[in-house]
Amino acid sequence: MILIAIIACEIAFWVAILAGLTTRYLLRRPRVGAGLLIAAPLIDVVLLILVAADLVGGGVASWHHGLAAIYIGVSIAYGKSMVAWADVRFTHRFAGGPAPVRLDGRKYTAKCWVDVVRTAIAAGIAAAILGGLILLVDDPHRSEALQAFIPILGFVLGIDILWAVSYTVWPRKSLKNATDRT
């Protein structure tokens, strides 16, 4: 049930974004488009309510519940940047906006470190949700699967830090410089 809710919320998230961008740029209704874009974070609230209701109703926590916590954390921490990413591409494709810029060198490295902060925020939100659900269930046997997700959050953050460190040590080369050498 929760896995289906996660999938439905992910689909609804992107439908809200695409509907908002389509309304904003193709239908030239920026206020209505903004309203549709605001629906994206509300989808997270719906998912959190569904997860909590399932567990309060006697459900045993599974990896689906942990995945929901991670999904909500990532959606909150990265949501604005995901919408901005889609907005730039949509504007370029359908509204005559500038092409997306491929970052390289220090700019890409800086973006990697900003993503580390976002990942830390996402992990913190997911950990808080997991902790809240564990307290809500108040039964170690029913919430055991949720506790198993805490180390996973640290592992993911560690990988993101390694990613940023690698681009700090070996910055991404620009496509222009790469083609000049061949």
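**Exercise 1. Find the polar partner of the Thr 109 side chain, then describe the surroundings of Thr 109.**

Solution. Start from the contact: a polar atom of the Thr 109 side chain and the backbone oxygen of Tyr 167 are 2.8 Å apart. The model is a predicted one. Next, place the residue: Thr 109 belongs to helix H4, which covers residues 105-137. Then list the neighbours. Leaving out residues up to four places away in sequence, Thr 109 touches Tyr 167, Thr 168 and Pro 171. Last, decide on burial. The relative accessibility of Thr 109 is 11%, and buried means under 20%, so Thr 109 counts as buried.

**Exercise 2. Classify the ring pair of Trp 163 and Tyr 167, and locate both residues.**

Solution. A pair of aromatic rings is described by the distance of the centres and the angle of the planes. For Trp 163 and Tyr 167 the centres are 5.3 Å apart and the planes stand at 55°. Planes under 30 degrees apart would be stacked and planes over 60 edge-to-face, so the remaining class applies: the pair of Trp 163 and Tyr 167 is tilted. Both residues sit in helix H6 (residues 149-169), 4 residues apart, which is about one turn of the helix. As for accessibility, Trp 163 has a relative accessible area of 45% and is partly exposed.

**Exercise 3. Count the aromatic pairs and work through the pair of Phe 13 and Trp 14.**

Solution. The count of aromatic pairs in the structure is 5. In the pair of Phe 13 and Trp 14, the ring centres lie 5.3 Å apart and the planes meet at 90°, so this pair is edge-to-face. The two residues are then checked for burial. Phe 13 is buried, at 4% relative accessibility. Trp 14, with a relative accessible area of 27%, is partly exposed. Elsewhere, ring pairs join Tyr 25, Phe 90 and Phe 94 in a cluster.

**Exercise 4. Name the residue that lies over the face of Tyr 108, and give the distance.**

Solution. The residue is Arg 172, which lies 3.8 Å from the ring centre of Tyr 108.

**Exercise 5. Determine the number of disulfides, and state whether Cys 9 and Cys 112 are buried or exposed.**

Solution. A disulfide is a covalent bond between the sulfur atoms of two cysteines. The cut-off is a pair of cysteine sulfur atoms within 2.5 Å. By this rule there are 0 disulfides. Turning to accessibility, Cys 9 is buried at 6% relative accessibility. Cys 112 is also buried, with a relative accessible area of 3%.

Technical notes: Residues are numbered from 1 along each chain as its sequence is written. This is a predicted model: local features need pLDDT of at least 70, side-chain atom pairs count only at pLDDT 80 or more; totals for chains, interfaces and linings use all residues. Side-chain values use heavy atoms; hydrogens and water are left out. Rings of Phe, Tyr and Trp (its six-membered ring) pair if their centres lie within 6.5 Å; planes under 30 degrees apart count as stacked, over 60 as edge-to-face and the rest as tilted. Buried means under 20% relative accessible area, exposed over 50%, partly exposed in between (1.4 Å probe, protein chains only). Helices (H or I, at least four residues) and strands (E, at least two) are DSSP runs, numbered from the N terminus. A charge sits over a ring if NZ of Lys or CZ of Arg is within 6 Å of the ring centre and within 35 degrees of the ring normal. A polar contact is a pair of N or O atoms within 3.5 Å; within protein, one must be able to donate a hydrogen and the other to accept it, and residues adjacent in sequence count only if both atoms are side-chain atoms. Contact means heavy atoms within 4.5 Å.
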